[in-house]
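This report covers one helix and its surroundings, the sheet beneath that helix, and the interface between two chains.

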Amino acid sequence: MAIDKVWVLAEAGDAGPTPVTLELLTEARSVAGTVEAVAWGDQTASLAGALGEYGATTVYDVGDLGGALPGVPVAAAMAALISRGNAPDAILIPATYDGRDVAGRLSVKLDRPVLTNVTGLVAGDSLSSQHPLFGGSHTVTAKFTGAGPGIFVIRAKSFAAESAGGGAAAVVATPVPESGASNAAKIVERHVEERSGPKLDEAAVVVSGGRGLGEAANYALIEELAKLLKGAAGASRAIVDAGWVPYSHQVGQTGKTVKPTVYVACGISGATQHLVGMKGSKNIIAINKDQEAPIFTVADLGIVGDVHKVLPALIEALKAKG
Amino acid sequence: MNIVVCVKQIPDPAAPAALDPATNTLVRTGKLIMDDSDNYGVEMALQLAGGDGDTVTLVSMAPGGETSGLRTGLAMGAANAILISDDALAGSDALGTAKVLAAAIARANPDLIVMATESSDGYTGTLPVQVAELMGLPSVTFAKSIAIDGSSVRVERQTEAGFDEVVCPMPAVVTVTAGVVEPRYPSFKGIMAAKSKPVDNVTVADLGIDASQVGAAGSGQEITDVSEAESRGSGEIVVDEGDGAQRVVAFLEQLKVI
């Protein structure tokens with residue numbers, strides 16, 4: 001069975017579709033003849049231009065969800081489209097908060113499993129997916145068996161987004177079937193947290209801290225260095241688990257994937273959990289007192305030293321340069 | 001109020017992980033421990049179930065009747081546990097596992113089901129929502145905080161921009177991220193008490209599930225290849241002699257970042 005049609009779950013960002021949406025559309029074009037998008041919200045029509053430019057011929061517009069979390073209604077609308085005979089061969093879903101909800105709900109509705117943490121796709125008779133294992137030292141290739149669309153949940157930055165120069169996608173209003181009790185969770189208020197610098201997953205420089213910082217208060221050094229380098233501050237899972245910094249800062253397997261020009265790992269040992277989220281960075285600088293730390297196996301510049309000495313000196317030096 | 005916490009018993013992440021070359025699945029022999037990620041769900045549930053008559057039940061699926069990880073959660077204060085252990089479950093994918101857990105959870109008749117956002121070993125991150133869909137329940141994932149508000153839960157849910165306040169009637173499935181509460185260490189008394197807390201052992205047949213729907217037989221996905229990835233070579237590693245910061249500055253200048 002060749003791959004004829006692929007759907008991409010499209011998410012809206014601050015201005016147009018999110019970067020990962022465009023990455024998935026680009027990859028979808030290279031594995032399938034027809035690419036279609038599924039989107040929700042009250043601004044879908046305004047996304048049609050960019051979605052079309054990146055290769056979608058059609059966008060199924062689930063519309064405004066009335067405060068419901070997207071997982072249930074969007075999956076229900078997709079399953080209804082499929083049951084009406086409009087099934088794609090594969091569905092590409094970004095590994096985001098809402099994307100994973102949609103994937104889980106859809107999986108049960110279609111009685112199909114989900115392949116998650118996908119970082120590559122291989123087109124053949126059927127579509128195979130590639131997954132990093134053990135922090136990326138190995139690559140697992142997997143595929144779906146049996147009939148029905150394959151649901152792939154794909155990590156951001158797995159593919160480069162490239163415009164296809166296409167015209168706007170046709171917007172097709174897509175109703176949400178009644179979903180009963182499962183659709184009862186409602187958003188009552190949205191809180192936007194102020195961010196002074198660039199987004200963690202879009203920054204050209206990322207400075208991350210780990211357990212080697214010793215205590216939560218020392219994370220201020222990471223934030224200060226990030227600010228001086230006009231970058232974003234990240235964290236290892238260890239200090240997120242310890243409650244030093246919020247989950248939104250976490251880089252790694254269970255957190256964000258980053259691929260900045262420069263990644264500075266401070267007091268991070270480099271557990272596989274962390275490496276998988278940052279080893280795609282263009283340049284890696286590691287500062288750690290343990291010479292045997294695995295982070296040095298991926299570092300372009302490794303400083304075997306005490307972060308409590310190197311970081312303040314580095315901050316002073318950068319300030320002196322103005 | 002009855003709260004169920006799903007607990008995964010996994011090989012110690014500190015021990016080297018390995019794949020079974022015959023099946024390409026993770027080797028799960030040896031002692032299993034409670035997934036670190038589940039500490040937060042157990043702690044959250046214990047804090048929410050503070051009233052008289054409130055109970056916390058652990059639900060876990062593991063091979064070989066394994067309970068060592070469950071005992072950790074029981075020692076923290078959970079009242080009892082349901083363990084699904086059955087040779088037919090070997091090789092289950094997340095959807096198959098969700099079917100088994102959903103059936104087992106229903107036995108505890110919970111008002112609230114708490115799970116980790118994702119496990120530390122398999123980390124598919126879809127299982128909690130699959131369980132919710134199978135049970136016909138609403139779900140709120142990536143909770144930073146959970147409060148009981150009458151017959152609803154009020155959840156602060158992580159978003160890209162910040163967080164959403166979500167209100168959800170119970171019963172419901174809520175997943176918590178790590179670090180949202182500080183898990184207690186089991187006391188000596190708790191560890192001793194855990195040894196005699198009830199663990200209900202159930203099989204796939206007990207749950208009324210057809211064995212062909214689960215395990216490797218029921219899985220709709222297969223691994224076709226495992227290969228070594230191209231490794232990233234390491235560069236210059238130097239011991240700080242007081243010049244570490246200057247070396248970093250020089251490297252950043254060379255990259256034209258500063």
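In this predicted model, helix H2 of chain A spans residues 44-53, and its buried residues are A:Thr44, A:Leu47, A:Ala48, A:Ala50, A:Leu51 and A:Gly52. The cover over these buried residues includes helix H1 (19-31) and the strands E2 (34-39), E3 (58-61) and E10 (170-173), which also belong to chain A. H2(A) lies across E2, E3 and E10 of chain A, and its direction makes an angle of about 160° with E3(A). After H2(A) comes A:Gly55, which has a positive phi, near 120°.

The three strands that H2(A) lies across are part of an open sheet in chain A with seven strands, ordered E5-E9-E4-E1-E2-E3-E10 and paired in parallel. Strand E5 (114-118) and E10 of chain A are at the edges with a single partner strand each, so each has one side without a neighbour in the sheet. On average, neighbouring strands of this sheet are turned by 25° against each other, direction ignored. Within the sheet, strand E1 (residues 5-9) of chain A pairs with E2(A), and A:Leu9 is opposite A:Val38 of E2(A).

A parallel pairing also occurs between the chains, where strand E16 of chain A is joined to strand E13 of chain B. Here A:Leu301 is opposite B:Glu236 in E13(B). The two strand pairs are listed below.

| Strand | Partner | Sense | Bridges |
|---|---|---|---|
| E1(A), residues 5-9 | E2(A) | parallel | five bridges |
| E16(A), residues 301-304 | E13(B), residues 236-239 | parallel | four bridges |

Chain A contributes 76 residues to the contact between the chains, and chain B contributes 66 residues. On the side of chain A that touches chain B, helix H4 (residues 97-110) of chain A gives the most, with eight residues. By class, that side of chain A has 37 nonpolar, 26 polar and 13 charged residues.

Helices also pack across the interface. How far apart are the axes of helix H8 of chain A and helix H7 of chain B? The axes of H8(A) (residues 307-321) and H7(B) (residues 244-254) are 8 Å apart, and the helices pack at an angle of about 50°. H8(A) and H7(B) are therefore oblique to each other, and the crossing is right-handed. H8(A) makes this contact through A:Val310, A:Ala313, A:Leu314, A:Ala317 and A:Leu318, while H7(B) uses B:Gly244, B:Ala245, B:Gln246, B:Val248 and B:Val249. The contact of H8(A) with H7(B) comprises eight nonpolar and two polar residues, with no charged residues.

Technical notes:
Residues numbered from 1 in each chain as written. Chains lettered and ligands numbered in written order. Predicted model: local features only at pLDDT ≥ 70, side-chain atom pairs only at ≥ 80, totals over all residues. Axes fitted to C-alpha atoms, helices over the stretch in contact; angles between N-to-C directions. Parallel < 35°, antiparallel > 145°, perpendicular 65-115°, else oblique. Left-handed = near helix turned anticlockwise from the far one by under 90°. Contact = placed C-beta atoms within 7 Å. Nonpolar A, V, L, I, M, F, W, Y, C, P; charged D, E, K, R; others polar. Buried ≥ 20, exposed ≤ 12 C-beta atoms within 10 Å, placed from the backbone. Pairing = 2+ DSSP bridges.
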